[in-house]
Amino acid sequence: MEKLQFLKGLIKDLGSALADRDVVILLLLGPIVLTLIFGGVYINAYVDNIPIAILDEDNSSLSRMIVRQFEQNDRFKAVYYAQSREDLNAVIESGKAYMGLFIPENFSRDVSSLKSSPVLVLVDGTNIVVGNNSFAAASSIIQTISAGVQIEVMQAKGLMPQTANSIGTVLKFTDRTLYDPGMKYMNYLLLGFIAVFLQQVVLAGVGISVIKASGSIVESGKIPARIISKILACSIVALSSTFIAVYIATTVFGVPFRGSLPLLLLLSCLFAFAVSSAAVIISSIVKDKVKYAQLSYMLSLPTFVSCGYIWPFSQMPKGLALVVKTLWPLANFARSFDEIAIKGLGFSAVKHNITALAIYTAVLMPVGMCLYKLRFGGKESHQGKKKPVAPEISM
Amino acid sequence: MLKSVAATLAGEFKALKTNKLRVVILFLIPVLSNIMFGLEFSGDQIRNIPMAVLDQDNSQLSRTIVEYFRENEVFDIKYMLDDSEKMKELFNESKINVGMIIPKGFSEDVKKLDSPSILMLYDGSQMSVASSAKTRASEILLTVKAGIVIKQLEGRLNMPAELAQKTAQAVRFENRTLYNPSRSFKNFLVTGLGTAIVQNAIAMLCAVAVKNNELEVKKRKRAGYIIGKIMFYGLSGGLVLFINVLLQAFAFKIPFRGNLSGAALLCFLLAFAVSSFSIMVSSLIRYELFSITVNAVVIVPSTLYVGYTWPLISMPGIYQKIAMMLPFYHFADNMRNMFLKGINISSIYRDIVWYIFFIVGAAFIAVLASFRLKAEKYGDVPELKKEGGEAAIS
C-alpha cells in the first residue's frame with residue numbers, strides 16, 4: 001500500500017514536473033542546448049593559423065628554408081616580418097603575434113663552421129594553450145631541420161652518408177597517446193561540461209521544485225517520500241537529456257565512447273542523488289526560488305574549476321583537495337564520468353567514487369530532510385501554511 | 001533624477017545590511033572562490049606525474065635514461081614493470097598517466113647503429129597532464145640522444161669532445177617563453193577565473209534587480225532608479241573585482257607588471273558593463289527565473305566564449321563575432337596582459353571606448369524598457385510582497 005502510494009506520488013510528481021514550464025525547459029533543454037553551444041566552441045579540433053612574426057637577419061638559403069617551413073605549416077600564419085629584435089619583441093607584446101622566429105645574422109655560415117648557431121623562438125606564454133601549441137610545432141620543425149643539417153655536417157667531416165644517417169637517427173622516440181591520440185580539446189572538455197550541466201539542472205530543478213511545492217509537501221506529512229519522488233522525477237528527465245547530450249557529443253562532435261553505458265548510468269544516478277541532497281539543504285536555507293536560482297548558478301564555475309577535472313587533485317594542496325572532495329559531489333563524478341566514456345574505465349576503477357557518492361547521499365539526504373522540515377514546517381513558514389497547494393501549480 | 005539616483009543608491013546600500021544572501025553572492029562567494037583558485041593552482045606547473053617504466057634492456061644506458069626521468073620533478077616513477085600487459089592495466093585503471101618502454105637489446109642496437117626506438121605512452125584524456133609530460137619527456141630524450149651522438153662521433157671519428165658536441169648541435173633550438181617563463185597555470189588561469197566569478201555575481205543579482213514595487217511613476221525618477229541600480233552594482237561589483245585582483249597580485253603572487261590604477265579602471269568598466277547589461281535584461285524580461293537563466297547562459301560561461309583559454313582564432317566565425325559583443329572579452333586578455341606583460345591603459349583605449357558605448361547603450365535601453373512597466377505600490381499585491389518581493393508581473 002505504502003509502495004503504491006509512493007508510486008502514485010512519483011507519477012504525480014513526474015506529471016507536475018513535466019507540466020512545469022521552467023523545470024521542463026531547464027531539465028530537458030539545458031544539457032542538450034548547452035552541449036550544442038559549447039561543442040561549437042571546440043569544433044575546430046586544433047589551434048591552427050597562430051599568428052607569428054619572423055625576423056630573418058641571415059637571409060641565406062638555409063634560413064629561407066627554415067622560414068618557408070614555418071610559413072607552410074598549418075599551425076602557423078606568418079603575419080609580420082620584423083625589421084629588428086625590438087620590432088619583433090614589440091609585435092609580440094602588442095598581441096598581434098603569439099610567437100616570434102628569429103634567425104641571427106651569419107646563421108648559415110656559423111652552422112657550416114660548427115659554431116652551433118641558434119634559431120631562437122620567442123613564445124608568448126600568457127595563454128598556455130596557444131603557447132604550448134606554438135612551442136610543440138616550432139620544436140618539431142626545428143628538430144627535423146636540425147637532424148638534416150647534422151647529417152650533412154657529419155658527411156662533410158668525412159663520414160659515409162649511410163653512417164652519418166645512422167648516427168643522426170641513433171635512437172628514435174615513438175610517442176603513442178592513448179584514448180585520445182589527437183589530444184583534441186573537444187574530447188578533453190565536452191564530457192566534463194556535460195557533467196556540470198547535469199549538476200546545474202538537477203540543482204536548479206530539484207531545488208526550485210521543492211521550494212515551489214513546499215506547501216503540499218509539508219501538508220502531506222510525508223516529507224521524505226515526497227522529496228524523494230520529486231528528486232526521482234527531476235533526475236529521470238535530467239538524466240535522459242544528459243544521455244542525449246552524450247549521444248550528441250559522440251555523434252555530432254566525434255567524442256570517442258568506449259565505456260559501459262550501465263556503469264555511466266549508475267554513476268550519474270548516484271551523482272544526481274548526491275547533488276539533490278545538496279539542493280534540498282540549500283533550498284531549505286534559502287527558501288526562495290529566485291534567490292535559490294541565483295545561488296545555484298553561482299556554484300557552476302567554482303565547483304567545475306575545483307573538481308579535479310582541469311587541474312588534477314594530485315596537483316592541489318592536500319587540504320584543499322580534501323575539503324573539495326568532502327563538500328561537493330562533482331569531485332567524485334566529473335573526471336570519472338569522462339574516463340568511463342573515453343577510456344572505458346571499469347567498475348573497480350571507479351568503485352571509490354561510487355562509494356563516496358553513496359556515503360555523501362546517505363549522510364546529507366537525511367540532514368536535508370530534517371532541515372527542510374525545520375525550515376518549511378515551522379510556524380513562520382509562509383509557503384507551507386498559507387498557500388498549501390497553489391505554489392506547485394503556478395509561479 | 002539625481003535625487004532618485006541617490007535614493008536608490010542609499011536604499012541598495014541599506015539593503016546590504018538586511019539581505020544577507022546578497023552579501024554572500026556579491027562578496028563571499030567571489031572572494032572565497034578567488035582564494036580557492038589561487039590555492040588550487042599554487043603549484044604553478046604539473047609535477048609528479050605518476051609513471052610506469054618497462055625496461056626490457058636493463059643495460060647501463062637504459063638505467064641512465066630511467067634515472068633522468070626519476071630525477072625530474074615532473075615525473076614520479078611509481079612502477080618498474082616487467083610485463084607490458086601490466087602497463088596497459090595501470091593505464092586503464094588511471095593509476096598512471098605516462099609509460100616508457102625500453103626494448104630488449106636497446107643498448108646493443110645503439111652501438112650497432114640499428115636505430116632502436118623508445119616508446120613513450122601518454123594518457124591523452126587528461127590534457128594538462130599529457131602535454132606537460134610530453135614537453136618534458138621530449139626534452140629529456142633529446143638530451144639523451146645528443147649525448148649518444150656525441151659519443152658516437154668521438155668513437156667513430158676520433159673527434160675531440162668539443163667538436164663532437166658542436167657537430168651534434170649544428171643547429172641549436174633555443175626557445176624563450178615570454179611573460180610567463182615557467183608556463184605557470186596559476187598565471188594563465190587565475191586572473192580570469194577569479195574575476196569571472198565576480199561578473200557572474202553581478203549578473204545574477206542584477207537579473208532581478210528591477211522590481212515593479214520599487215518603481216516610481218514619474219519617468220525622470222524612474223530613469224534615476226535604473227541608473228542608481230546600475231551605479232550600485234557597478235561600484236560594489238567593481239570594488240570586489242579590484243579586491244580579487246589585489247589578492248591575486250599580492251596574496252598569490254601572480255606577477256603584476258602594469259599599474260594598479262589602470263587595473264582598477266578596467267575592473268569598474270567591466271562591473272558597470274555587466275550591471276547595465278543585466279539590468280537591461282531585468283527591465284526587458286519580467287519573468288525572474290527566465291531573466292536569471294538568460295544571464296546565466298550569456299554571462300556565466302564567458303571565460304570559455306571569449307577566447308581566454310581556447311583562443312578565438314580557433315573558433316567558428318559566428319562565435320568570434322558573439323565573443324566580441326561580450327563585456328568579458330574586453331576585460332579578460334587585457335587584465336592578464338596587465339599582470340604578465342605590464343601593458344598600460346593607453347594600449348587598450350579601444351576597449352575602453354567600447355565599454356563606454358556599451359554601458360551607455362545598455363543603460364539607455366534599460367531606462368526605456370522601464371518606462372513601459374507598471375509601478376506597483378506595497379498595497380497592490382500584498383501576498384506576493386510578503387513572500388520576499390517575488391513579484392513576477394509585467
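Axes are lines fitted to C-alpha atoms, for helices over the stretch in contact, and angles run from 0 to 180 degrees between N-to-C directions. Helices (H or I, at least four residues) and strands (E, at least two) are DSSP runs, numbered from the N terminus. This is a predicted model, in which local features need pLDDT of at least 70 and side-chain atom pairs count only at pLDDT 80 or more, while totals for chains, interfaces and linings use all residues. Residues are numbered from 1 along each chain as its sequence is written, and chains are lettered from A and ligands numbered from 1 in the order in which they are written.

**Stop 1: a helix pair within chain B**

Select residues 2-18 and 219-251 of chain B, which are helices α1 and α9; their axes come within 7 Å and cross at roughly 45 degrees. α1(B) and α9(B) are therefore oblique to each other (angles under 35 degrees count as roughly parallel, over 145 as roughly antiparallel, 65 to 115 as roughly perpendicular and the rest as oblique). Their crossing is right-handed (the near helix is turned clockwise from the far one by less than a right angle; anticlockwise would be left-handed).

Next, display the side chains at the contact (C-beta atoms, placed from the backbone, within 7 Å). Among the residues of α1(B) that meet α9(B) are B:Leu2, B:Val5 and B:Leu9, and the α9(B) side includes B:Tyr225, B:Ile227 and B:Phe232. The residues of this contact divide into seven nonpolar, four polar and four charged. Here Ala, Val, Leu, Ile, Met, Phe, Trp, Tyr, Cys and Pro count as nonpolar, Asp, Glu, Lys and Arg as charged, and the others, Gly among them, as polar.

**Stop 2: the domains of chain B**

Colour chain B by its domain assignment, which gives domain 1 (2-41 + 184-386) and domain 2 (49-168); such bounds come from an automatic or database domain assignment. The C-alpha centres of domain 1 and domain 2 of chain B lie 50 Å apart.

**Stop 3: a sheet with strands from both chains**

Select the open sheet of five strands, whose order is β5(A)-β4(B)-β3(B)-β1(B)-β2(B), with mixed pairing; two strands pair if DSSP finds at least two bridges between them. β5 of chain A and β2 (75-81) of chain B stand at the edges, each with a single partner strand, so one side of each has no neighbour in the sheet. From one strand to the next, the twist averages 20 degrees.

Within chain B, β1 (residues 49-55) and β3 (residues 98-102) run parallel and are joined by five bridges. B:Val53 stands opposite B:Met100 in β3(B). Now add helix α4 (residues 84-92) of chain B, which packs on the sheet with its direction at about 165 degrees to that of β1(B). α6(B) also packs on the sheet, and its direction makes about 165 degrees with that of β4(B).

Where do the two chains join in this sheet? Strand β5 (residues 172-178) of chain A pairs with strand β4 (residues 117-123) of chain B in the parallel sense over seven bridges. A:Thr177 stands opposite B:Tyr122 in β4(B).

**Stop 4: the wider interface**

Show both chains: 96 residues of chain B are in contact with 94 residues of chain A. Helix α6 (residues 127-157) gives the most to the chain B side, with 13 residues. That side divides into 55 nonpolar, 24 polar and 17 charged residues.

Finally, select α12 (residues 289-298) of chain A and α8 (residues 185-206) of chain B, which pack at an angle of about 165 degrees with their axes 10 Å apart. α12(A) and α8(B) are therefore roughly antiparallel to each other. The contact includes A:Tyr297 and A:Met298 of α12(A) and B:Met204 and B:Leu205 of α8(B).

Notes. Contact = placed C-beta atoms within 7 Å.
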